[in-house]
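Reader: I should be grateful for a close look at one part of this model, namely chain A, together with the cores and empty spaces that belong to the picture. Please take me through it in a connected account.

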Amino acid sequence: MTILLTARGVSRRYAGRFVLEPCDLELRAGEAVALAGPNGAGKTTLLSILAGALEPTTGRVESSGRIGWAPQRPALYSKLTARENVELFARLEGVPALPTDLPDRPAATLSVGQRQRLNLALALLGSPGLLLLDEPTASLDPMRRAELWAHLEELRAGGGAVCFATQDFEEIRRADRVGRIDDGRLVFQ
Amino acid sequence: MRPALLLLRKDLRVLRRSPFLLAVLLAYPLVIAGLVGLVASYANAKPRVALVDDDTLPSRITVGGRTFHVERTIDRVAQEVTLVRLEGEEAERQLRSGRIVALLRVPRGFVADLRSMARSPRLELETTRGGLSVRVTQQVQSLVYQLNRQLEDAYVEANLEYIDLLIEGGTGTFLGREFDVLGLKRAEALLEELPPGPRLDRIREFVRVASAALGATDDALRATANPIELVEADDEGRTWVLSAQAQSYALALTISFLALLLAAAALAAERDEGVLARLRRGLAGPGELVAAKTALAAAAAVALGLGIVLAFGAIIELGGVEGGQPWSRVPLLVLGLALAGAAFGGLGALVGALARDARTASLVAILGVLPIVFLGLVPREVAPAAASVSDAFPFAHALRFFTAALFDLDPLRATLREGAWLLALALLFCAAARSAVARLG
């Protein structure tokens, strides 16, 4: 199977303490990998390093193809409307902007769920082959959750992959592999 | 640089959607500029000086036949200081505690000396040490000068009366004693009655020359009393509020606050909203991010600076104030505004990168800009060390650039020098900010 992303010996230290111990990870085409673990275990840190949003203290990450990333806390400009956010990030990424059905008003005035949908829409810009999602369904209603999972199944079927952090057992069951992170240590079950 | 331009457009759009923030950013520096103006005018306020009257000045004094109302005369001449009548002991106490800045004593015998016109009466001055003492001494010297101006006319008149007495003859008084003078004219008449002779002719010639010479004494005496006379013309040119200096201060102050705060808050806001992490994924590098914030600060500085220049210019043109606005210098000024905005923008980006969040960044920017501004206002002659520290920040350079650009006869040299300083500081701060952004976790 094609390897879409490889992480070797990646770790992260804050204030002299490892919040993520050195670990290895491969993400292959067509698979869904869940990262589970208690709050503050290091899931977000690992996903941020894999996405290239955070520099690892040690190790390196190699990838092929476009990677979409949805952080746990929606990363968007609250004074810009949903459409303007999508257009700006599409231009910055050099990809076409996708139409959005979100209300055309400043992101700060959107509901938590709507902001999370915008966060996911930004991750999907440019139709990435690999998605890194940090608790993507946390604020979504059941219908939107179903839509998201349908989209992720489509992605996998098309040779893409998804790695997501979650604390939901139902979602863990959807994964091909589950990596448990506890106190910064990643162990695959 | 495309990402930098996209981020700049986004920042301008965000700024336009924050009218309250925009209003505060515009109003705040103008309020500060006004307060600095008030402080400057306070520095010119009249210092309190105690008047200790050991000679018990009468309400009126007659000198050379002219009567002076003491209180009115003092009020008329004491325009640069506030004179407060105090007892000697109380005045000494207040001088030591700093409630008054000087003590002017009228010693015993002052009025007698004044009336005698034979000896200069003395006033004694004591001042506090340091800061204001030089200024107060100058102001009291000015007060004494004004008093002398009032008295010299009386003295001249009195002296002229004596000369008139010598020419015409009659009864006069000196030091309270009355005396009778024959006078040159009456002496000449008496000489006419005597039989002619060579010795008498010589005496007649002397009396004639002496009469003519003393007759011309009037103008000579007045000229001697005032070798140089200062004639004060009517006020012309700009008032202080519209002065070149005030305009330069207003520009430099406003740009400093606006550019520093804007760049610091804009960069820290990227972090607050979590967007910095998204941008760092190859969408915009640290250099492009800092460039966008610096460009935002420079653009805002040019826009606001031009607004201030146009407002000043309109008031000056409509008011018909002399020394009008030098419109042809505006392009040079725009260059200075952009450079000053960029230098403060670079510094603001550094603050924004070092601060943890937008609130901290704004607070640090405000706390930081005030000492930078006040350091820039300290004259180099007063505190060379403060001026050297100030050289490491853009405010003083911006102030000198604006002053030269707007009002120097030949602004090229000064604007080139200060422009080079501003450019160097902008590059330095941007490089430091870029490094700080790259290290953000």
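Author: Of the 189 residues that make up chain A in this predicted model, 52% count as buried. The accessible surface of the chain comes to about 8500 Å², and carbon and sulfur atoms account for 51% of that area. Chain A contains five helices and nine strands. Read from the N terminus, their order is β-β-β-α-β-β-α-α-β-α-β-α-β-β. Among the contacts in chain A with a separation of 6 or more, 68% join residues that are 24 or more positions apart.

The buried residues lead to the nonpolar cores. The largest nonpolar core has 94 residues, and A:F89, B:L279 and B:F402 are those with the most contacts inside it. Helix α10 of chain B, residues 244-272, gives this core its largest share, 16 residues. As for B:F402, when its neighbours within four places in sequence are left aside, its contacts are B:S248, B:L251, B:A252, B:L333, B:G336, B:L337 and B:A340. A second core, separate from the largest, has 28 residues; A:L5, A:L20, A:I67 and A:W69 are among them.

Two of these residues, A:I67 and A:W69, also take part in the lining of the largest cavity. By the rule applied here, there is one cavity of 30 Å³ or more, and the space in the largest cavity is about 40 Å³. Rolling a probe the size of a water molecule over the atoms shows where such empty space is left. From chain A, the lining includes A:R66, A:G68, A:E93, A:L122, A:A123, A:L125 and A:P128; from chain B, B:R278 and B:R281 take part. Strand β5 (67-70) and helix α3 (112-123) of chain A each supply at least two lining residues, and β5(A) gives the most, with three. By class, the lining of this cavity divides into six nonpolar, one polar and four charged residues.

The largest pocket has a volume of about 740 Å³. Its lining has 28 residues, of which B:L21, B:A265, B:A266, B:A269 and B:A358 are the closest to its centre. In chain B, α1 (2-16), α2 (19-43), α10 and α14 (358-377) each supply at least two residues of this lining. The largest share, seven residues, comes from α10(B), the helix that also gives the largest share of the 94-residue core. The lining of the pocket has 16 nonpolar, three polar and nine charged residues.

Two loop residues of chain A complete the account. A:E135 is not a glycine, although its phi is positive, at about 45°. This residue lies in the loop between β6 (130-134) and α4 (142-157) of chain A. A:E135 has a relative accessible area of 17% and is therefore buried, since the cut-off for that class is under 20%. A:D183 likewise has a positive phi without being a glycine, in this case about 50°. The loop that holds A:D183 runs between β8 (177-182) and β9 (185-188) of chain A. The relative accessibility of A:D183 is 45%, so the residue counts as partly exposed.

Technical notes. Residues are numbered from 1 along each chain as its sequence is written. Chains are lettered from A and ligands numbered from 1 in the order in which they are written. This is a predicted model: local features need pLDDT of at least 70, side-chain atom pairs count only at pLDDT 80 or more; totals for chains, interfaces and linings use all residues. Side-chain values use heavy atoms; hydrogens and water are left out. A nonpolar core is a set of buried Ala, Val, Leu, Ile, Met, Phe, Trp, Tyr and Cys residues joined through side-chain atoms within 4.5 Å. Buried means under 20% relative accessible area, exposed over 50%, partly exposed in between (1.4 Å probe, protein chains only). Helices (H or I, at least four residues) and strands (E, at least two) are DSSP runs, numbered from the N terminus. Contact means heavy atoms within 4.5 Å. Accessible areas come from the Shrake-Rupley method with a 1.4 Å probe; for residues, only the protein chains shown count as cover. On a 1 Å grid over the protein atoms alone, a cavity is a set of points where a 1.4 Å probe fits but cannot get out, and a pocket is an open set with protein on both sides within 12 Å along at least five of seven lines; lining residues have an atom within 4 Å of a point. Grid points are joined across faces, edges and corners, and a volume is the space filled by probe spheres set on the points. Ala, Val, Leu, Ile, Met, Phe, Trp, Tyr, Cys and Pro count as nonpolar, Asp, Glu, Lys and Arg as charged, and the others, Gly among them, as polar.
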